[in-house]
Amino acid sequence: MSKILEKEIFSKNVVKLVLDAPEIARTRKPGHFVIIKIGKKGERIPLTIASADAKKGNITLVVQKVGVTSGKLCNLEVGDEVTDVVGPLGEATHIEKVGTVLCAGGGVGVAPLLPIVEGFKKAGNRVITILAARSKDLIILEKQMREFSDEVIIMTDDGSYGKKGLVTAGMEEVIQREKVNLSVVIGPAIMMKYAALTTKKYNIETYASLNTIMVDGTGMCGACRVSVGGRTKFVCVDGPEFDAHQVDFDEMLARLGAYKDQELEAYERYLKTAETLS
Amino acid sequence: MENILEYLKEERSQEWRAEIRKSMKAKERTSRERVKMPEEDPNVRNKSNIEVNSGLPIENAILEAQRCLDCPDPTCMTGCPVGINIPKFIKKIETKDFLGAASVLKETNGLPAVCGRVCPQEVQCESTCFYTIKLKKPPVAIGYLERFAADYERESGKMNVPNVADSNKIKVGIVGSGPAGLAAAGDLAKFGYDVTVFEALHEIGGVLKYGIPEFRLPNVIVDVEIDNLKKMGVKFRTNFIVGKTASFDDLKKDGFEAFFVGSGAGLPRFMNIPGENYNGIFSSNEYLTRVNLMNAADPDYDTPVISGKNVAVIGGGNTAMDSVRTAKRLGADRAMIIYRRSEKEMPARVEEIKHAKEEDIEFMNLHNPLEYYADESGRVNRMKIQKMELGEPDASGRRRPVPIEGSEFYVDVDTVVVSVGVSPNPLIPKALADLKVTDWGTIVVDKETMQSSIPELFAGGDIVRGGATVILAMGDGRKAAAGMHKYIQEKIKAN
């Protein structure tokens, strides 16, 4: 059981939650994730840790409502308990001084990118961060990102904030302008696919943090498997970060849709019950 | 070893045992037929989660117990990985002291109701029974009787909690709450240690919960055994991954003196054939975990599962049988086993194969998958299969399957469960640089004490064996508990 200590609503469907989890807060590193489950009948879903305070013993998650479990989680209030939280899981991001690092985050992918941006900055790198979203209200953590970035570029699909265009346009701009030694991209699979294609053109080493379907999160089930360089890897124990140029994003996109029909049906059912309750 | 023989002899010479032996002529005992296990109707049970075997009625348990000759040299015991005093518990049943029989089981086996259901007795105790080796008759149904005594005790509501020594206040940690960990925890609690079991999942029981299906091992039975351990003072922490949530060093700082690692068979193996990552293709671990642990087949639960109409399960072990029978229960019209050797080489228990056949499972033995195909959404819809024949024996002593060229054909499938074995879980080895592991990733231990290359760390079960049975894991857990006890006591003496 982990109590919710703080809640902040970023936008209609995106919520920041601070959870009481002293052990995880103490041992987690950038790149790690947790698995959460709500209620006895809940499912297990992975969420990357956005930040943690080891002294206060809490971790921060940024959650987007996309299905039943994320919906339930977003609807919890301060003082409520999350039934199960386990972690930190996965391999931590390999952070070292490489020169200039281009970090690109899309949607809620910006949240797990934050500790990575912070880590690379503290390791002495020049860090350029691109935050991308559909529109202004979906741009999150801008202030925190500015704190650890030498430059922040905002990209919105509709041009309501920053520059109009996709994340890849922002990336191209930076790469044309200056030497980039490493790129880290986190966001929806489709965004990571095109971000990876962009850096591949320029032969820039790139890491992507993958957010696949998981059950146990400890290597046991293989639900999270992806093809990396033609070999099957498990995101939970081999990742979540991989060489983005080697990841088969098309396969990953197909696998993310494995339960699309059931998920949609369950979500509609859930929304109906949620309506009746409120 | 001599002490044990001495002890067994002494036990056997007790008056009640001598009396019950004399109460019936050996000839009469051996002329009896072995009892049959009552089973649910195959066409009913393959549509529900009801337990397949319903257990012996009292009168049949007594009749079967009478078949046991109470041999002076109980060869059956040599086949038991945890060394149950088999003749003693069976003779207790013959005298109608069923609770006494359960107590005998629990002297050496913390989970008798589990073992009575899932042990491969035909290759263990029953394979070395006097009836099998000397009389060439069906062995005494030791497994049925074990289950009977354990069930009787549980249903009586008079569960006997084993005696535990006075607390020595020494903290020991168990990593993993599967059969190896639970067995180690039980013995260490008996020795008086302050035992904490750390479990990565949200439920206690490991493979007994996520792996073995309800129709073969109801969860309530596992829970009762876990409750018993709690009554013995064992503490459980779920959602805790040793090496991640806290390191071994963190736990040592918290006062833990020694550890037993029973973290189990981690990574499922795949065959690395084309199309294996299409949707609808699962590892058996994932398929069974979704259904057993997460209750995915129940719409009240949030976890989804794909319930196919044409399901192929690849493999011939117990896990493959569990998966294919689960698929049938989830509504498959066609549930197939695809196994590259013949039935004779199947590692599954004979009973599971028999039950599967009764439940309308198709067996495509001497067949091997080559490739999977999918529809435009990426969901598997067809597979290519090749026929095999048996060649010369391989390293395992089983005849090697050899492909028959030109025998390829296609089968429509919408769900595939790959059940071709597991590799050890890498989490613990990754967390401990000094830990000696084999090329396969299994932890290297001393065979007698189960001690690893790190003195305070012991290990057993699938993380050492790479894939075995519940009872072998329990045997390891018990050996390790004795090893840890000795290690800690010697350390205390040295200081």
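The turns below work through a predicted model of two chains, A and B, and what lies between them.

Student: What limits should I keep in mind for this model, and what ipTM does the predictor give the complex?
Tutor: Because this is a predicted model, local features need pLDDT of at least 70 and side-chain atom pairs count only at pLDDT 80 or more, while totals for chains, interfaces and linings use all residues. Residues are numbered from 1 along each chain as its sequence is written, chains are lettered from A and ligands numbered from 1 in the order in which they are written, and side-chain values use heavy atoms, with hydrogens and water left out. For the complex the predictor gives a pTM of 0.92 and an ipTM of 0.91.

Student: In chain A, where is confidence lowest?
Tutor: The scale here is pLDDT, the predictor's confidence in each residue, from 0 to 100, and chain A averages 92, with 98% of the residues scoring at least 70. Helices (H or I, at least four residues) and strands (E, at least two) are DSSP runs, numbered from the N terminus. Confidence in chain A is highest in strand 13 (residues 182-186), at 97, and lowest, at a mean of 73, in helix 9 (residues 260-277).

Student: How many residues does chain B bring to the contact with chain A?
Tutor: Contact means heavy atoms within 4.5 Å, and buried area is the accessible area (1.4 Å probe) that two parts lose on being put together, summed over both. The area buried between chain B and chain A is about 3,600 Å², of which carbon and sulfur atoms give 51%. In chain B, Lys244(B), Asn277(B) and Asp302(B) lose the most area to chain A, together 20% of what that side buries. The contact takes 45 residues from chain A, and from chain B 42 residues.

Student: Which residue of chain A meets Asp300(B) in a salt bridge?
Tutor: A salt bridge is a side-chain nitrogen of Lys or Arg within 4 Å of a carboxyl oxygen of Asp or Glu, and the count between chain B and chain A is 5. For Asp300(B), the N to O distance is 3.9 Å, and the partner is Lys41(A).

Student: Which element gives the most to the side of chain B that touches chain A?
Tutor: Strand 5 (267-268), strand 6 (281-283), helix 15 and helix 18 (427-431) of chain B each supply at least two residues of that side. Helix 15 (residues 284-293) is mostly covered, with 10 of its 10 residues buried, where buried means under 20% relative accessible area, exposed over 50%, and partly exposed in between (1.4 Å probe, protein chains only). With 4 residues, the element that gives the most is helix 15.

Student: Why does Glu178(A) count as buried, and which side chain lies 2.8 Å from its own in a polar contact?
Tutor: Glu178(A), in the loop between helix 5 (167-177) and strand 13 of chain A, counts as buried because its relative accessible area is 19%. A polar contact is a pair of N or O atoms within 3.5 Å; within protein, one must be able to donate a hydrogen and the other to accept it, and residues adjacent in sequence count only if both atoms are side-chain atoms. One such contact, of 2.9 Å, joins the side chains of Glu178(A) and Arg177(A). The contact of 2.8 Å is with the side chain of Arg126(A).

Student: Is Gly397(B) buried or exposed?
Tutor: Gly397(B) has its place in the loop between strand 11 (380-393) and strand 12 (399-403) of chain B. Because its relative accessibility is 52%, Gly397(B) counts as exposed.
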